[in-house]
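Trainee: I should like to learn how to read features of a model such as this one. May we go through a few of them together?

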Amino acid sequence: MSKQAPGKVDMEKIVSLCRRRGFIFPSSEIYGGLSSCWDYGPLGVELKQNIKQAWWRAVVQERDDMIGLDASILMHPQVWAASGHLEEFTDPLVECKTCHLRWRVEDLKDSNCPSCGGELTEPRLFNLMFKTFIGPVEDSASVVYLRPETAQGIFVNFQNVLNTTRKRLPFGIAQIGKAFRNEITTGNFIFRSREFEQMEIEFFVKPGTDQKWFAYWTQERLNWYVNLGIKRESLRLRQHTQKELAHYARECYDIDYLFPMGWSELEGIANRGDFDLVQHASYSGKSLDYFDEETKEHFIPYIIEPSAGVDRSTLAFLCDAYDEEPDKDEIRVLLHLHPSLAPIKVAILPLSRRESLVQAAKQLYADLRQCWMVQYDDAQSIGRRYRRQDEIGTPFCITVDFQSLEDNQATIRERDTMNQIRVPISELKTTLAAKLSGEELFVLPPGGKIWKGESPA
Ligand code: GAP
């Protein structure tokens, strides 16, 4: 694993927590795993789902200039000729003449094989797309590729969306889906894998307004991470040099996150100009013009593309949320996940396994499950159970005790401060809904009181 950046969590701790608590497992682990492929466990799938939902909500649901799409992974092979991926989506590789391992030229520190010290071949271009065959015959006529980006599914549907939604410029199409790259250098856990998920926006604008929209989306996307709790100082914007620019890009900024191994790309925002629509119009022979009814002009729109990785976002949210606090003789490990991202929103913890308590707690569990992902836990001491929930980022724990049976009240304990309030069970659902949307813990419902901790004056 790469070296830890100063002041940041050790990647090993994140990997170990993810493994131990069921966020992320190595793929096909019982067969020894498959290099750079990962499976999201019961908590991981919730976290990932919540990240995707937060993105979709911000970029589709809450806007009137965006719509969604879900294109297929396998596409006509001409798509990749038109997009430039067949020609350009390559890495120069050298091969060791002794051990036959292949290396990216840009990763090499000297002229010999980093593994065995053997002599290396001259660099050859290696395409990163996974190739497969459609239908029963494995010949060149049936070759298709697993898409290396979701973007192309949007470009080839531009006219379909225009015709069916009557959207006018500027507008965007959003898509979340799997992408595949036969990466040579993988590693750093889920940071770079061969199968991953992207959340991509293709925002179509009138040429000449592209600079304005490029700046707008860069800021908008940066704010999205900050609004979901990532520390601003852990994020930076980095402009691509002319040499780094992808073949389709006029300008590009990366939103970098300070990962354990150092600053690395979390999301890229590119001004793709008219490259993609011009290419697809030319290769397909279909017009991809836009007709502006006001000015009566025909033109090809420019495209601003904010392209984020679901897995990299998951890793960034985990790293940023991870914390350790002294707790008597032990250490309290906790994830300060934003409530909308936390896999489990509420845990129900009966103080004992006494039948009467279990019954009341299970009733509450059944009731709250209608609204949120809720866990029920009655194993071990209450202290240990709190720690288990802290470690997976559950914002609120509800304790049902013997007094609850008499006064119909339960305790809500907040993860970050460990403060507690006591509220009538009849007010629990509305109180939790308010707290999960950001209301301060000590704002009390009718009949509620502070149980532990001090209200800020
Ligand atoms: N359509 C533009 C595009 O695909 P990219 O910079 O190659 O641009 C966009 O990828 C985002 O997809 C990256 O910022 C990253 O979050 C994610 N990504 C790319 N390759 C990845 C990989 N091998 N593993 C995990 N995420 C990856």
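Mentor: We shall consider a helix, a loop residue and the ligand site in this predicted model.

Trainee: Which residues of helix H1 are buried?

Mentor: The general idea comes first: an α-helix has 3.6 residues a turn, so residues three or four places apart point the same way. In H1 (residues 11-21), the buried residues are Met 11, Ile 14, Leu 17, Cys 18 and Arg 21. Viewed down the axis of H1, these residues fall within an arc of 130 degrees, so they line one face of the helix. Their packing partners include strand E1 (24-26), helix H2 (42-61) and helix H11 (382-392).

Trainee: What caps the N-terminal end of H1?

Mentor: Asp 10 does, with a side-chain oxygen 3.0 Å from the backbone nitrogen of Glu 12. Just after H1, Gly 22 adopts a positive phi of about 85 degrees.

Trainee: Is Pro 301 buried or exposed?

Mentor: The test is relative accessibility, and residues under 20% count as buried. Pro 301 has 0% and is therefore buried. Pro 301 sits in the loop between strands E15 (297-299) and E16 (302-309). Beyond its sequence neighbours within four places, its contacts include Phe 158, Leu 169 and Tyr 290.

Trainee: Which polar atoms lie by the ligand, and which strand gives the most to its shell?

Mentor: A side-chain N or O atom of Arg 181 is 2.8 Å from a ligand oxygen, and a backbone N or O atom of Ser 193 is 2.8 Å from a ligand nitrogen. The protein covers 91% of the 550 Å² of accessible area that the ligand has on its own. Strand E13 (262-273) gives the most to the shell, with five residues. By class, the shell has six nonpolar, five polar and ten charged residues.

Technical notes
Residues numbered from 1 in each chain as written. Predicted model: local features only at pLDDT ≥ 70, side-chain atom pairs only at ≥ 80, totals over all residues. Heavy atoms only, no water. Buried < 20%, exposed > 50% of the residue type's maximum accessible area, 1.4 Å probe, protein only. Helix = DSSP H or I, 4+ residues; strand = E, 2+ residues; numbered from the N terminus. Arc of directions from axis to C-beta. Contact = heavy atoms within 4.5 Å. Polar contact = N/O pair within 3.5 Å; in protein donor to acceptor, adjacent residues only side chain to side chain. Areas by Shrake-Rupley, 256 points an atom, 1.4 Å probe, with all protein chains shown as cover. Nonpolar A, V, L, I, M, F, W, Y, C, P; charged D, E, K, R; others polar.
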